[in-house]
Amino acid sequence: MDAVVTVTHPLDPLSLAEIASAVALLRDSRKLAPTVRFPIVRLEEPTKADLAAHRLGGTLPRLAFILAMDIGNGETFEGIVDLTSGEVASYERLPLDQLPYGQPPVMLCEFETVEGTVKSDPRWIAAVKKRGVTDEDIPLIQIDPFSSGYFGRDFEKGKRIVRAVSYWREDIRDNGYAHPIEGVVAVVDLIANRVVDLVDDEKIIPVPRKKRNYGRETFPETRPDLKPLHIVQPQGPSFTVDGWKVEWQNWSFRVGFTPREGLVLHELGIKDQGRLRPVVFRASVTEMVVPYADPTANHYWKSAFDAGEYGLGRLANSLELGCDCLGHIHYFDVPAADDLGQPFTMKNAICMHEEDYGILWKHYEFRNGIFEVRRSRRLVISFFATVGNYDYGFYWYLYQDGTIQLEAKLTGIIQTAAVATGETYPWGGMVDDNLGGPTHQHFFNARLHMDIDGGGNTVTEHDFVPRPWGDDNPYGNVFDTRTRVLKRELDSPALANGETGRYWKVSNPNIQNSVGKAPGYKIVVMPSPVMLAQPESTVAQRGGFAKKHIWVTAFDASEKYASGDYPNVHAGGDGLPRYVMQNREIDNADVVLWHSFGHTHVCKPEDFPIMPVEYAGFTLKPNGFFASNIAMDLPPEANGHSIDNRLPQSPEKIGSGSCCHT
Ligand code: CO
């Protein structure tokens with residue numbers, strides 16, 4: 001997929017040419033100052049209804065959403081540019097100077113200016129010198145401009161600030177996270193370009209100097225016993241790609257990408273007996289927040305909302321063939337806008353490939369010797385975003401039996417804290433000498449705009465409960481499934497419960513399946529924490545979505561993100577907790593299912609210098625959607641490249657034939 005490809009479908013991301021003309025149209029018509037930056041430029045997507053009209057032959061305008069911010073005065077505007085008519089459809093100033101405030105995401109260009117601002121502040125220089133830093137060290141010091149959180153202080157209210165923390169480095173390739181400068185935080189106003197508050201904690205902890213690097217030069221002796229493992233697809237992959245549209249094993253969907261969410265799946269449907277049946281209209285991860293549980297100067301405010309405060313899409317990696325994904329890979333290059341609104345191509349931002357996934361189904365019937373086994377194949381559509389110290393992979397999996405899965409992969413480098421010699425770190429785990437890792441949580445929220453067989457959908461909650469002894473349970477072995485219909489939005493915020501096997505099902509009550517019930521998909525959640533910060537704390541107010549695992553809302557095009565539109569320096573209360581307060585009807589409606597999931601991370605030595613991948617995610621499984629196992633028609637061929645290791649490896653010993661014998 002070439003980023004400059006001509007747009008062929010209303011859901012195609014803005015092309016490079018469209019980005020350029022949308023920004024130019026806005027710039028010219030509103031006479032924008034040269035100090036205006038563009039934190040977000042994306043397609044303003046058509047709705048289900050728009051697309052239904054389009055399928056009937058109607059034409060839809062191509063709309064670009066542009067967030068424009070003047071870094072000279074902080075004024076911020078949301079604009080919609082109609083590329084079809086060549087006009088600015090709307091351009092409205094955001095009241096970010098009023099409660100509950102909020103700011104556009106932190107831009108890359110600001111990362112660079114913060115470093116200069118901090119390093120020229122005499123209070124910061126004095127503070128780091130107290131911790132053993134010399135004048136010669138200062139050019140090499142790493143400055144991390146962290147999204148600031150919000151605590152009601154005057155320099156936060158309506159202000160565009162970051163809190164900058166610093167790390168000593170011996171040289172440019174040295175891992176700064178091994179050398180945190182503890183007790184020094186510079187609060188930088190990005191509009192005034194100055195340090196508005198400098199925290200210099202009374203307790204002086206020397207900078208840990210032990211080097212903990214991860215570049216390959218640090219590990220010259222690699223383990224010798226690892227033989228090559230190749231994924232061979234001699235006839236190519238089983239998917240087809242047409243622009244942004246993909247088809248694979250009965251599945252059909254469109255790939256999308258936004259600056260905030262990164263990868264989006266649109267119009268995900270599956271062919272069943274020759275008919276394409278809608279399942280999910282739009283699927284994405286709209287937020288990811290990491291609240292830290294250390295009350296000291298460098299950490300209490302840390303609560304990066306990586307989607308809303310930085311942009312998972314804006315920070316997407318260019319993926320590396322043979323490293324990030326194996327096999328026959330299809331990359332999507334993504335057209336994007338830089339901070340100046342100039343179009344550029346994010347090369348290899350999305351990876352798509354197939355993976356073997358063990359056994360899909362199997363049976364051996366000893367009475368007649370029938371033996372059948374089929375291997376499972378999954379289609380993987382993924383991207384990786386690096387947000388400061390952490391790296392997050394987002395992997396959507398489609399399976400041949402109709403299952404959909406999202407897996408988030410958490411890796412990268414933990415936040416660190418300096419610990420005085422002879423002390424131990426009370427707010428997390430020690431990872432090395434003089435080095436602690438603050439305890440924290442990671443919360444993702446997936447937004448699933450459902451579309452089970454089109455039309456109205458209903459969400460139900462199910463628990464398995466024991467049935468009391470009685471005439472209908474004379475042996476005590478009976479248990480029931482207790483079902484609760486989520487009728488209105490305030491019925492919906494719910495917690496998972498492993499004890500009762502709680503699950504939720506989205507079904508279409510207007511249609512009957514093969515056994516006379518509503519066809520549906522169930523969401524299977526993994527054991528997952530909720531946010532443990534006190535409900536009144538500002539991080540819990542700003543990340544309220546993470547207090548519950550499940551939320552259901554009636555679709556509203558303006559309700560796109562679990563944490564609201566602008567969580568950066570926001571006083572809280574936006575997003576899902578606000579959306580559901582409307583208590584709209586969600587029974588047999590156009591529903592959005594939101595799922596919060598995550599991981600509580602108490603740091604340990606194995607997390608350093610780079611933590612092995614931790615997983616979080618969920619699965620959507622067909623539940624009365626199909627009339628039978630739709631993967632019975634998989635071919636029974638055995639893999640021709642498999643080898644019996646006990647035998648000499650000659651070609652005739654290589655496995656072949658059929659995965660069945662009678
Ligand atoms: Co972590």
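**Exercise 1. Find how strand S8 (residues 184–189) is joined to S9, then place both in their sheet.**

Step 1. Six bridges join S8 to S9, and the two strands run antiparallel. Strands and helices here are DSSP runs, numbered from the N terminus: E, at least two residues, for strands; H or I, at least four, for helices. Two strands count as paired if DSSP finds at least two bridges between them. Val184 has Asp200 in S9 as its bridge partner.

A note on the source: this is a predicted model, in which local features need pLDDT of at least 70 and side-chain atom pairs count only at pLDDT 80 or more, while totals for chains, interfaces and linings use all residues. Residues are numbered from 1 along each chain as its sequence is written, and side-chain values use heavy atoms, with hydrogens and water left out.

Step 2. Widen the view. The order S6-S7-S8-S9 gives an open sheet of four strands with antiparallel pairing. Strand S6 (142–147) and strand S9 (194–200) are at the edges with a single partner strand each, so one side of each has no neighbour in the sheet. From one strand to the next, the twist averages 30 degrees. Axes are lines fitted to C-alpha atoms, for helices over the stretch in contact; angles run from 0 to 180 degrees between N-to-C directions.

Step 3. Add the helices. Helix H3 (residues 108–119) packs on the sheet and touches S6, strand S7 (161–167), S8 and S9. Contact means heavy atoms within 4.5 Å. The direction of H3 makes about 115 degrees with that of S6. Helix H4 (residues 122–129) also touches S6, S7, S8 and S9, and its direction makes about 25 degrees with that of S9.

**Exercise 2. Trace the sheet S1-S2-S3-S4 and its hairpins.**

Step 1. This is an open sheet of four strands, paired antiparallel. Its edges are strand S1 (36–43) and strand S4 (87–93), each pairing on one side only. Neighbouring strands are turned by 20 degrees against each other on average, direction ignored.

Step 2. Follow S2 into S3. Strand S2 (residues 63–70) and strand S3 (residues 76–82) share seven antiparallel bridges. Leu63 stands opposite Asp82 in S3. Five residues separate the two strands of this hairpin, and Gly74 in the turn has a positive phi of about 85 degrees.

Step 3. Follow S3 into S4. Six bridges join these antiparallel strands. Val81 stands opposite Val88 in S4. Here four residues lie between the strands, and Gly86 in the turn has a positive phi of about 75 degrees.

Step 4. Check cover. Five of the seven residues of S3 are buried. Buried means under 20% relative accessible area, exposed over 50%, partly exposed in between (1.4 Å probe, protein chains only).

**Exercise 3. Test the length of helix H1 (residues 16–29), and list what its buried residues pack against.**

Step 1. The expected span is 1.5 Å times one less than the number of residues. The 14 residues of H1 should therefore span 20 Å; the end C-alpha atoms are 20 Å apart, which agrees.

Step 2. Leu16, Glu18, Ile19, Ala22, Val23 and Leu26 are buried in H1. The buried residues of H1 pack against S1, S2, S3, S4, strand S16 (330–337) and strand S17 (343–365).

Step 3. Just after H1, Lys31 takes a positive phi of about 50 degrees.

**Exercise 4. Describe the coordination of the cobalt ion.**

Step 1. The donors are Tyr390 (OH), His440 (NE2), His442 (NE2) and His601 (ND1), at 1.9 to 2.1 Å. Donors are N, O and S atoms within 2.8 Å of the metal (3.2 Å for Na, K and Ca); water is not among the atoms, so sites may look incomplete.

Step 2. The four donor atoms subtend angles of 91 to 140 degrees, so the arrangement is irregular. Four donors count as tetrahedral if all angles lie between 85 and 135 degrees; four count as square planar and six as octahedral if opposite donors are over 155 degrees apart and all others between 65 and 115; anything else is irregular.

Step 3. Along the chain, the donor spacing is Y-x49-H-x1-H-x158-H. Tyr390 lies in strand S19 (residues 390–399) and His442 in strand S24 (residues 440–450), so this pair ties together parts 52 residues apart in sequence. Tyr390 and His442 are buried.
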